[in-house]
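Biologist: Please take a close look at one part of this model for me, and show me how it fits into its surroundings. I would like the cut-offs along the way.

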Amino acid sequence: MTDLTSLTLTEARDGLKAKTFSATEIATAHIAAVEKARALNAYVLETPEHALKQAAASDAKLAKGEGGPLEGLPLGIKDLFATQGIRTTACSKILGNFVPPYESTVSGQLWRDGAVMLGKLNNDEFAMGSSNETSAFGNVVNPWRRKGSNVGAAGTGSVEGNHLVPGGSSGGSASAVAAGLCLAATATDTGGSIRQPAAFTGTVGIKPTYGRCSRWGIVAFASSLDQAGPIGKTVRDCAVMLRSMAGHDPKDTTSANLPVPDYEKAVGRSVKGMKIGIPREYRLDGMSPEIEALWQQGIAWLKAAGAEIIDISLPHTKYALPAYYIVAPAEASSNLARYDGVRYGLRHQGRDIVEMYEKTRADGFGAEVKRRIMIGTYVLSAGYYDAYYLRAQKVRTLIKRDFDEAYAAGIDAVLTPATPSAAFGIGEKGSADPVEMYLNDIFTVTVNMAGLPGIAVPAGLDSQGLPLGLQLVGRPFDEETLFSLGQVIEDAAGRFKVGERWWG
Amino acid sequence: MSVDLATVKRVAHLARIAVPEADLPKLQGELNAILGFVEQLNEVDVTGIEPMTSVTPMAMKQREDVVTDGEIADRIVANAPASEDNYFMVPKVIE
């Protein structure tokens, strides 16, 4: 029998419908794979009993020829999504053993459609990070290794190379999907947290348009930037996932009241005549020739599929990352004010209530989260608000205007590299200067600032044998075009699978 | 702009995060690195530009002013570190 963990989500869906295997069998195979892969630290909570119960219910439905679009498909859920009765921590010590008495809208829609939950996935604490190194549960390991590296392998002998980060903040989601520890995963993206880890692990990730997925029940980081989306093995898998995750929710005032298309129908659709913008500002000084070559390859593939390539300018690109590091920490400092040791999570006693707050928050938040809260507090404080926050929001208007003008001129989507490099080693970046780590998101963060949809699709390997991704950015609420274009890249580049399951 | 030690201390207090004296200089360095990075926004001419308030044009939704939820005090306090009779317990605030 084929290894059920190597199937794509849509292959598994079709296999379940054809009764080639049962939901219990595919859940069992994934539970075993998760248990053997603890060295990757992708899951912070495994819920095998819950999964088997859901799978049995799915089998009963499938036997009657019933079931939703995701019936019996085992998924991983980022620990930022509140799951009713199941511990949710945002991978922060400050949430402790928080057990939500409610379900996030997005995860609830997955269960509505029949999906099975294998457990909660690791992420950077409060989704603040680009390497999954800030999690209170420790680093996630990327299943990919550099060429010639045998790190993590069983047996004796000399160890070559070190473990790589899976990217962040959705590092557990990306690592689990790449390693076959779930068929697909939920993720969230505030500055690149879906697309950058997808690019680092040879998986596909889409951040939909702001407002496409409800934010209700997702631990908030920066409310005007946060969006949920899937990470999957293929473009088609992401299309199927997003259809279930998306949709209007009256409980989120920023949720868009628009019909959700059947995204799978857009996969394989012709891209002939589409106008693809190539923004010159994404060609950075000192950019790796490998990234430049990958970008040119992507251009050639889309051209061969009949798309028209047009050079465009997005003049404010350079200012997106600095503006982000004002807007995002400002919103975070406000959102994270709720962790005060009163209503949930950790509490340290103090002489008075202020000391209780200060000690609780000092111990409960990690270093990166504290830095961002303090930056946010500073830029919002009296006398600095206009100089920092207001100016950053004006710059944001200009960033969005750049895209608006390109789309108004007839551009259907923009093609860029997804990241400035492949995955790097654990501990290699950002220890001396936090900005070094922030630069990872230089190609993705503009998309959040403008609220647009963006997809990262694996497109090649670098000289170390590590996956690299391309990013496509679409018009607001036009995720369908991204799925059509993404499939063209996937067809041309092929899929990128981890060679050896060295972790167990 | 860069922050001095006194400002770091003041901001930590505003953010309700206890920072030991010994950690202040390192934090000051990190905050100044970030503030140095965002400094480049001063190059942008923002005259006459409206600050962004909503990334997608959207009218604020309204709903009937009616009770839609409630009577779940026990679930609301279920995760509290200290509670009694469905009240959150905190150190004495008023003398």
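Modeller: Happy to. Chain A holds 15 helices and 11 strands; these are DSSP runs numbered from the N terminus, helices being H or I over at least four residues and strands E over at least two. The model is predicted, so to speak of local features I need pLDDT of at least 70, and side-chain atom pairs count only at pLDDT 80 or more, while totals for chains, interfaces and linings use all residues. Residues are numbered from 1 along each chain as its sequence is written, chains are lettered from A and ligands numbered from 1 in the order in which they are written.

Let us zoom in on the sheet. The 11 strands of chain A form an open sheet with mixed pairing, in the order β1-β3-β2-β4-β6-β5-β10-β11-β9-β7-β8; two strands pair if DSSP finds at least two bridges between them. At the edges stand β1 (43-46) and β8 (308-312) of chain A, each with a single partner strand, so one side of each has no neighbour in the sheet. On average, neighbouring strands are turned by 30 degrees against each other, direction ignored; the axes are lines fitted to C-alpha atoms, for helices over the stretch in contact, and angles run from 0 to 180 degrees between N-to-C directions.

Take one pair as a sample: β5 (residues 204-207) and β10 (residues 454-461) of chain A run antiparallel and are joined by 3 bridges. Here A:Ile206 stands opposite A:Ile455 in β10(A).

Two strands of the sheet also meet the helix α1 (residues 9-17) of chain A. Its buried residues are A:Leu9, A:Thr10, A:Ala12, A:Arg13 and A:Leu16, where buried means that 20 or more other C-beta atoms, placed from the backbone, lie within 10 Å of the residue's own (exposed is 12 or fewer, partly exposed in between). Seen down the axis of α1(A), they fall within an arc of 160 degrees, so they line one face of the helix; the arc is that of the directions from the helix axis to the C-beta atoms. Among the elements covering them are β4 (184-189) and β6 (227-232) of chain A, along with α2 (23-36), α3 (48-63) and α7 (235-245). After α1(A) comes A:Lys19, with a positive phi near 60 degrees.

Stepping back to the whole chain, 61% of the 504 residues of chain A count as buried, and its C-alpha trace spans about 65 × 60 × 55 Å along its principal axes.

Key
Contact = placed C-beta atoms within 7 Å.
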